[in-house]
Amino acid sequence: MTNKEKYKQAFSAIHASDDFSLEVEKMERTKKQHKFKTMISFVAVCVMIVGSATAAYAADVGGIQRTIQLWIHGDQTEATLQFDGNGNYSMDYTDGEGNVKHQAGGGVAFSPDGTEIPASEEELTEQLTAPDVEYEDDGSVWVYWLDQKVAITDKFDNGVCYVKLESGKETLYMTVKYQNGYSTSPHKYPNPSEFN
Amino acid sequence: MKPSVEILVEKYQSNLYAAAFNMCKNAQDAEDVVQDTFIQYLSHKKGFESEQHIRAWLIRVAINKAKNKNNTFFRRNSLPLEDYIETLTFESEESSELFEAVMKLPEKYRIVIHLFYYEDYSVNEIADILRVTPSNVKVRLSRGRMSLRNTLKEVWEDDE
């Protein structure tokens, strides 16, 4: 008997338990639920904001107004977001305890000659909708992205965790260093030594 | 091509279960992995080039899902591997020894050995499935074989 034959004979002993069945109907239902969730994420642009990341800007401005879903400290809530066209946004939302909050922020890019270019609405939205990490008081660690909330508390190995985030049309590879920042890429997991 | 999941379940359920068990060392986790793999297939929008492409894709997905399972905190460990092995019926004492020896290998050697000896994949095909280099597969295969030879003595032929 060759090694391959011996190996196959040995592993022919294992099989799924008698009460295990792959019910195709059940799988189809699960798939539909998954698709439904994905569709929701397209309808409601969900944004996650970390409180500390929002600089105080006097942003009593006009411009384009949007109502969006956002994550704040683990609660998903609805917010009204305004862009002023000069790289700033302001936002009003109701927090988990029912208090109305206001926060604002903005950003600039630099052209090759050093000139400041105000962030566009798309750039700001992209920044706001980027995944983020929150460390809760109970020690749990969460990644928030679009309509997803992913527990990563137990996925750290030597202080580094790799998370693959998937929405209907987008995949993001995220590397998180425990309480020391994170980075994402649509192509591969960023090397932990390449950031922070 | 995109065959119905019923056909694939019938054809590959045992292979996926064996690969998943090889990774997870736990029957319940392996069953979950098989289920999740077929759900992933149903959600997969693109077609496949060939039957071999589908088989490799299913095995890759099962291995990745098993890895994720192994990384979760709430991993099931209700039945220790030794107790599970006692419930199995092997055709010979040699088969039982071989099974135990394989399951004692580190995961990175175990899965390469499994894909080579159970699934009949070549080094290059294994490299493609695991997304590692062929030379990395060769090293893992060689070390896995050496370990099996040391443990099993004459039961395991020198086939390098």
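Two strands are taken to pair if DSSP finds at least two bridges between them, and that sense of pairing applies to the sheets visited on this tour of a predicted model.

**First stop: strands 8, 9 and 10 of chain A**

Select Trp142(A) to begin, and look across to strand 10 of chain A, where Ala151(A) stands opposite Trp142(A). Strand 9 of chain A and strand 10 of chain A are antiparallel and are joined by four bridges. Follow the chain through the hairpin of these two strands, which has two residues between the strands, and stop at Leu146(A), whose phi is positive, near 50 degrees.

Now add strand 8 of chain A to the selection; this strand runs antiparallel to strand 9 (residues 141–145) of chain A, and four bridges join the two. One bridge to pick out is that of Tyr135(A), whose partner in strand 9 of chain A is Val141(A). With the three strands displayed together, you have an open sheet in the order 8-9-10 (chain A), with antiparallel pairing. Its edge strands are strand 8 (132–135) and strand 10 (148–151) of chain A, each of which pairs on one side only. If you turn the view to look along the sheet, note that neighbouring strands are turned against each other by 25 degrees on average, with direction ignored.

**Second stop: strands 11, 12 and 13 of chain A**

Staying in chain A, select strands 11, 12 and 13, which form an open sheet of three strands in the order 11-12-13, again with antiparallel pairing. Strand 11 (160–166) and strand 13 (182–185) of chain A each have a single partner strand, so each has one side left without a neighbour in the sheet. From one strand to the next, the twist averages 20 degrees.

For a view of the pairing itself, show strand 12 (residues 171–177) of chain A with strand 13 of chain A, which run antiparallel and are joined by four bridges. Among the residues to label here are Val176(A) and Tyr182(A), the latter being the bridge partner of Val176(A) in strand 13 of chain A.

**Third stop: where chain B meets chain A**

Next, display both chains and select the residues in contact between them: 32 residues of chain B are in contact with 23 residues of chain A. On the chain B side, helix 1, helix 2 and helix 5 (93–103) each supply at least two of the residues that touch chain A. Coloured by class, that side of chain B shows 18 nonpolar, eight polar and six charged residues.

**Fourth stop: Lys25(B) and helix 2 of chain B**

Move to Lys25(B), which is found in the loop between helix 1 (5–24) and helix 2 of chain B. Although Lys25(B) is not a glycine, its phi is positive, near 60 degrees. Lys25(B) counts as partly exposed because 19 other C-beta atoms lie within 10 Å, whereas a residue is called buried at 20 or more.

Continue into helix 2 (residues 27–43) of chain B, whose 17 residues reach 25 Å from the first C-alpha to the last, close to the 24 Å expected at 1.5 Å a residue. This helix is mostly covered, with twelve of its 17 residues buried; among them are Val33(B), Val34(B), Phe38(B), Ile39(B) and Tyr41(B), and also the charged-type side chains of Asp29(B), Glu31(B) and Asp36(B).

**Fifth stop: helices 6 and 8 of chain B**

Select helix 6 (residues 107–117) and helix 8 (residues 134–152) of chain B, which pack at an angle of about 95 degrees with their axes 8 Å apart. That angle makes helix 6 of chain B roughly perpendicular to helix 8 of chain B. Show side chains for the contact, including Tyr109(B), Val112(B) and Phe116(B) from helix 6 of chain B, and Val137(B), Leu141(B) and Gly144(B) from helix 8 of chain B. By class, this contact has six nonpolar, two polar and three charged residues.

**Last stop: Tyr121(B) and Arg131(B)**

From helix 6, step to Tyr121(B), in the loop between helix 6 and helix 7 (123–130) of chain B. Is Tyr121(B) buried or exposed? Tyr121(B) counts as buried, because it has 22 C-beta neighbours inside 10 Å. A distance to draw is the one between the C-alpha atoms of Tyr121(B) and Ala56(B), which are 65 residues apart along the chain and separated by 9.4 Å.

Finish at Arg131(B), in the loop between helix 7 and helix 8 of chain B, where a residue that is not a glycine has a positive phi of about 55 degrees. Arg131(B) counts as exposed, because it has 9 C-beta neighbours inside 10 Å.

Conventions. Residues are numbered from 1 along each chain as its sequence is written. Chains are lettered from A and ligands numbered from 1 in the order in which they are written. This is a predicted model: local features need pLDDT of at least 70, side-chain atom pairs count only at pLDDT 80 or more; totals for chains, interfaces and linings use all residues. Axes are lines fitted to C-alpha atoms, for helices over the stretch in contact, and angles run from 0 to 180 degrees between N-to-C directions. Angles under 35 degrees count as roughly parallel, over 145 as roughly antiparallel, 65 to 115 as roughly perpendicular and the rest as oblique. Two residues are in contact if their C-beta atoms, placed from the backbone, lie within 7 Å. The expected span of a helix is 1.5 Å times one less than its number of residues.
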